[in-house]
Structures are given as C-alpha cells and as structure tokens.
Amino acid sequence: MKILFTRFILGFILLFSSCGKDGENIIPDIPVNFKAPINDPRLSRLNGAGGAVVINGFGVAGLILYRRPDGAIVAFDRCSSVNPINKCQVNLDDPTITATDPCSGAIFLLSDGSPAKAPATRPLKQYQVTVTSFEIAVIN
C-alpha cells in the first residue's frame, strides 16, 4: 500500500512540475485596444496585399499588422513565442511574408503566425482585428 501511495505522489509531482515549465513559454495575456483611422499614414502599407506595419506601445512587445493576399488584415504580438519571458521582438523580413526573431533565429509566417523555422514550435500570439469604413481596431 505504501508503494502505491508513493508512486501516486511521485506521479502527481511530476505531472505538475512539467506543467509549470510550459507556463513559462506562453505569451502573457494583457489588454490590447489599438484603434486608428483607416486613412492613418502609419497604416498606408496595409493598402496592398502583403503589406505589413509595426505598431509599438501595444501588446507585450508591440504589434504587427499584415494584409493577407485574400485581403484580410491580421494582427500579431511582436513577442516571439520562443522564450517569451525574454520579450524578444520579431522583426519584419523583406519581403514582408515572414518575421524573424533576432534572439533565436526563429521565423514566423505572417499569413497566420505559424512557425516556419526552428526553434519556434508555437505561433505568434494573434489578436482580433475589426475594420470598418472609418477605423481599424485591434483588440483581445
């Protein structure tokens, strides 16, 4: 009976110790509420497919807004999903279909934020985008 109890406790400890480490690799949830007029000069690169802009001061490490080839605009946090505790900002590549983490060398696709090159295994954190005739808003 003592052996069974010891195995149970050991399994319980291992289960929760492994979950704790994974929590360090998650980009934190913080409020994001970016709004700008649709004709804001900072957003002019979003007029054509493949255009991307960086907006600092929002999210964990800033925002990347990207216009996909289908015309939809998506928004991601610039905080790399590789060791997010470091808050390393991904940078737009040229052409702007990917972004690179300068700290780890990981590359992410801007169409959906998915990892395109190791060591990244998780996508960039994505936010909800609303576009009206007058305004673009990024929220979570």
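Trainee: Let's start with a pairing: which residue in E4 does tyrosine 66 stand opposite?

Mentor: Valine 74 is the residue in E4 that stands opposite tyrosine 66. Keep in mind that this is a predicted model. As for the strands involved, E3 covers residues 63–67 and runs antiparallel to E4, with five bridges joining them.

Trainee: What sits between those strands?

Mentor: There are five residues between the strands of the E3 and E4 hairpin, and glycine 71 there takes a positive phi near 95°. Arginine 68 belongs to the loop between E3 and E4 too.

Trainee: How do I read arginine 68, then: which residues is it in contact with, leaving aside neighbours within four places in sequence?

Mentor: Those are Ala49, Val74 and Ser111. Val74 is the residue opposite tyrosine 66, as we just saw. Closer along the chain, the arginine 68 side chain has a polar contact of 2.9 Å with the side chain of aspartate 70. You can also check C-alpha distances: glycine 51 is 17 residues from arginine 68 in sequence, and their C-alpha atoms are 7.9 Å apart. At 24% relative accessibility, arginine 68 counts as partly exposed, since buried requires under 20%.

Trainee: Now E4 itself. Why is it described as largely enclosed by the rest of the structure?

Mentor: Because five of its five residues, 73–77, are buried. For the general idea, side chains in a regular strand alternate between the two faces of the sheet. In this case, Ile73, Ala75 and Asp77 point one way from E4, while Val74 and Phe76 point the other way, and all are buried.

Trainee: Which other strand does E4 pair with, besides E3?

Mentor: E4 is joined to E9 (residues 126–131) by two bridges, running antiparallel. Phenylalanine 76 has glutamine 126 as its bridge partner in E9. Moving on, E9 pairs with E10 (residues 135–139) over four bridges, again antiparallel. There, valine 131 has isoleucine 136 in E10 as its bridge partner.

Trainee: How do I put those pairs together into a sheet?

Mentor: Follow the partners from strand to strand. Here you get an open sheet of six strands with antiparallel pairing, in the order E1-E10-E9-E4-E3-E2. Its edge strands are E1 (33–37) and E2 (52–55), each pairing on one side only. Ignoring direction, neighbouring strands of this sheet are turned by 20° against each other on average.

Trainee: What is the order of the sheet with four strands?

Mentor: That open sheet has the order E5-E6-E7-E8, with antiparallel pairing. E5 (91–92) and E8 (115–117) each have a single partner strand, so one side of each is left without a neighbour in the sheet. Within it, E7 (residues 107–109) pairs with E8 over two bridges in the antiparallel sense, and isoleucine 107 has lysine 117 as its bridge partner in E8.

Trainee: How does the whole chain look if I zoom out?

Mentor: The protein chain has one helix and 10 strands, with the helix leading the pattern along the sequence. Of its 140 residues, 34% count as buried. Among contacts with a separation of 6 or more, 45% come from residues 24 or more positions apart.

Trainee: And where should I look at the confidence?

Mentor: Look at the average, then at the low stretches. The average pLDDT of the protein chain is 87, and 83% of the residues score at least 70. Over residues 4–20, though, the pLDDT is below 50, and this stretch has zero contacts in the model beyond near neighbours in sequence.

Technical notes:
Residues are numbered from 1 along each chain as its sequence is written. This is a predicted model: local features need pLDDT of at least 70, side-chain atom pairs count only at pLDDT 80 or more; totals for chains, interfaces and linings use all residues. Side-chain values use heavy atoms; hydrogens and water are left out. Buried means under 20% relative accessible area, exposed over 50%, partly exposed in between (1.4 Å probe, protein chains only). Contact means heavy atoms within 4.5 Å. Two strands pair if DSSP finds at least two bridges between them. pLDDT is the predictor's confidence in each residue, from 0 to 100. Axes are lines fitted to C-alpha atoms, for helices over the stretch in contact, and angles run from 0 to 180 degrees between N-to-C directions. A polar contact is a pair of N or O atoms within 3.5 Å; within protein, one must be able to donate a hydrogen and the other to accept it, and residues adjacent in sequence count only if both atoms are side-chain atoms.
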